[in-house]
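Please consider the structure shown below. The explanation after it introduces some of its helices in turn.

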Amino acid sequence: MTSESVSRAFPALESDLDRVREIVGMADVPSRSELAPLTRQPAGHRHLIRPTLALLSYYVLAGPGRAADVRAVKAAAAVELLHMASLYHDDVIDDARQRRGRPSVNIVWGARLAVLAGDLLFISASRILSELGRREALLVAETAQHTCSGMIAETADRFLFSRSEEAYMEVTGAKTAELLSLACRLGAMQAARDPEAEEALARFGWHLGMAYQVRDDILDLTATTGELGKPANSDIMEGVYTLPVIKALAREPALARLLRRGLTAADAERARQLVLSCGAVEEARQVADAQMETALRRLGGLGDPRSREGLAGYVRSVMSSGGKAAPAPVTVPAPSPAPSLAPASVQADVLARVQERLDAWLLDTGLAATPEEARHPRWNAMASTAARFWPDADAEQAETLARWMLVIAVVDDLFDEPGLADPGEIVRLRHRLALLVRGLDDGPPAGGAVATAMAQAWERIRLIQPPSWRTRALGHLEEWLEAAEREACHRLSGFIPSLRDQFALRVGSSGAPVFLDSFEITYGREFEPAVRDHPLFRRLLDVALAAALAENDLRTLDEDDATGAPYNLVRVLRHETGCTRQEAIDEVTRQVEDGFAQVDAILTAAPAILRPGDGGAASVTGMGLLRLARERLPGWRTLHDIDRYSRSSAGSETYLTRLRRELLIEYAETGAAR
């Protein structure tokens, strides 16, 4: 039956479903509007099957010609909230990436917020039902108990070859049929008719739920990801052996040899083909059809014929949809290979002018001692690096950013130089650099090449960034210097942190806040606190940073092994777990791919979450920031170390050794040592 014919049978259905949506939308965190999308799904992407069943069950008994009583609408809304809560929790348990073709809540917001949001939805539903009456409250408690018991049993039976059809049917009844039965019972209860009619509708819902779940398990094997709105063939991969697989195991001995933990995608596909070819799917479909027939028989004698046929037609349309009602999926791909360093979006003549100016500036400040040294690969790439950060910048803007990023790179390299082998020198180096940073806003300091370059680079930034930004950025620089000092001392002592501490230490020494400050320069103004502190942006930053740092650890692994870099994730994994080098590389590679896939999911979902409803400045800024992040992410991934330890033309010392010694002489001459 089409939605149009359902509307003819039940003319108030659409308006009553709007009332349901309104109640469902009230389940959020008070006074925190930025968190409202956490407990809501995009409009148009919920079929509202369960609240529809609740309302139709009410109409069958109360009459289809008028709008539902407020109690029936509340009951229908509570059922939808219960269903949403179960989906949030299921996706966290399964580490699902998609739900109805869109990035799942746990991927976008993180598992902690997803679990808490699921709890909030469940409690909101429980409160509504407790307001309806003691019996309604007890029913939802019993249903939740059965559902949780079913999920526990199913989880305990993962990868169990001996799982029986009886065990499957028991779990299906508990985790799916009970909720559909509850929807029909709650709707019938609000019509206040005889208990036999209420029980008949509840049994109708239960058998419908059984048919629905068996059909859903069949679709997991027969439909495409696009039709399902979630990855197909996921049950086999996760070790959840559904009715078609259980039946196939009894027919195909080769299937048991394929099914195991750690199944590859190719093995899962071969297993799926075995299930499809042995007739097990058709047998399972017969079970679903039998359950559907039983459900429809339960409607006999209820209400008037038109209402009964309307309800029967609705469930037939749901069962015959074949998964095609799902929206087109939003792909969450693993990242493509990083592009080359040359920024195609920047005009070659602009890039050439910036590089020429940088070369002259390096010689003028003394960072480079010779023209050959000015063309050091680490410095020579800085113009194109700045252009990737700021692809629409003119030559003046690109040079300003390139100067600042070059100074940051020099400071970073100074602490990583292999020749820095004295802990006392590390402390003095950090102290001298900290003095330079503290004096940047007071005017040009006296000193050598690094002091001069830092002051000149900062002077340009002072012209375009407000005092509040400068205060915050200078604070980030000092914090970074302290972390760099700690990492250099850990390198000398041979210390390797635990996995628990690795990320915190790695974030500190990576200078992530300094990197973000540089990004704000390219944005043209300071981010509003409402944007900078938004939980979605903080989540995006955390995930992106973890993935980027792990990717960099893979790129620099050989060098880090040679120099004893303490925080490289591959080295930390090997140290803590005792795995082989290749095993650690494989694990970190998986984390990188997963991390950038999550970044893509967040960027995909964020526009719908942040879309400005009132044109507020914070929302507009947030949308602009999202566009910049998506556009520039491929370029940022190309930024990695380039020949930082190459020898200069002046003897055997690196340019870093020369600059370090100059800084330490300055430190002694200023009296700082005293």
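The following paragraphs treat two single helices and then a pair of packed helices.

This is a predicted model, in which local features need pLDDT of at least 70, side-chain atom pairs count only at pLDDT 80 or more, and totals for chains, interfaces and linings use all residues. Residues are numbered from 1 along each chain as its sequence is written, and side-chain values use heavy atoms, with hydrogens and water left out. Helices are DSSP runs (H or I, at least four residues), numbered from the N terminus.

Helix α3 covers residues 49-62. Its 14 residues should span 20 Å at 1.5 Å a residue, and its end C-alpha atoms are indeed 20 Å apart; the expected span is 1.5 Å times one less than the number of residues. Because 14 of the 14 residues of α3 are buried (under 20% relative accessible area with a 1.4 Å probe, protein chains only), the helix is largely enclosed by the rest of the structure. G63 follows α3 and has a positive phi, near 110°.

Helix α17 comprises the 18 residues 348-365, and its end C-alpha atoms lie 26 Å apart, in agreement with the expected 26 Å. Its buried residues include V350, V354, L358 and W361. Among the elements that cover the buried residues of α17 are α18, α21 and α23. After α17 comes G366, with a positive phi near 95°.

Helices α22 (residues 423-438) and α33 (residues 655-669) pack with their axes 9 Å apart, at an angle of about 75°. This makes α22 roughly perpendicular to α33 (65 to 115 degrees). The contact (heavy atoms within 4.5 Å) involves residues including L429 and L433 of α22, and L663 and Y667 of α33.

Conventions. Helix = DSSP H or I, 4+ residues; strand = E, 2+ residues; numbered from the N terminus. Buried < 20%, exposed > 50% of the residue type's maximum accessible area, 1.4 Å probe, protein only. Axes fitted to C-alpha atoms, helices over the stretch in contact; angles between N-to-C directions. Parallel < 35°, antiparallel > 145°, perpendicular 65-115°, else oblique.
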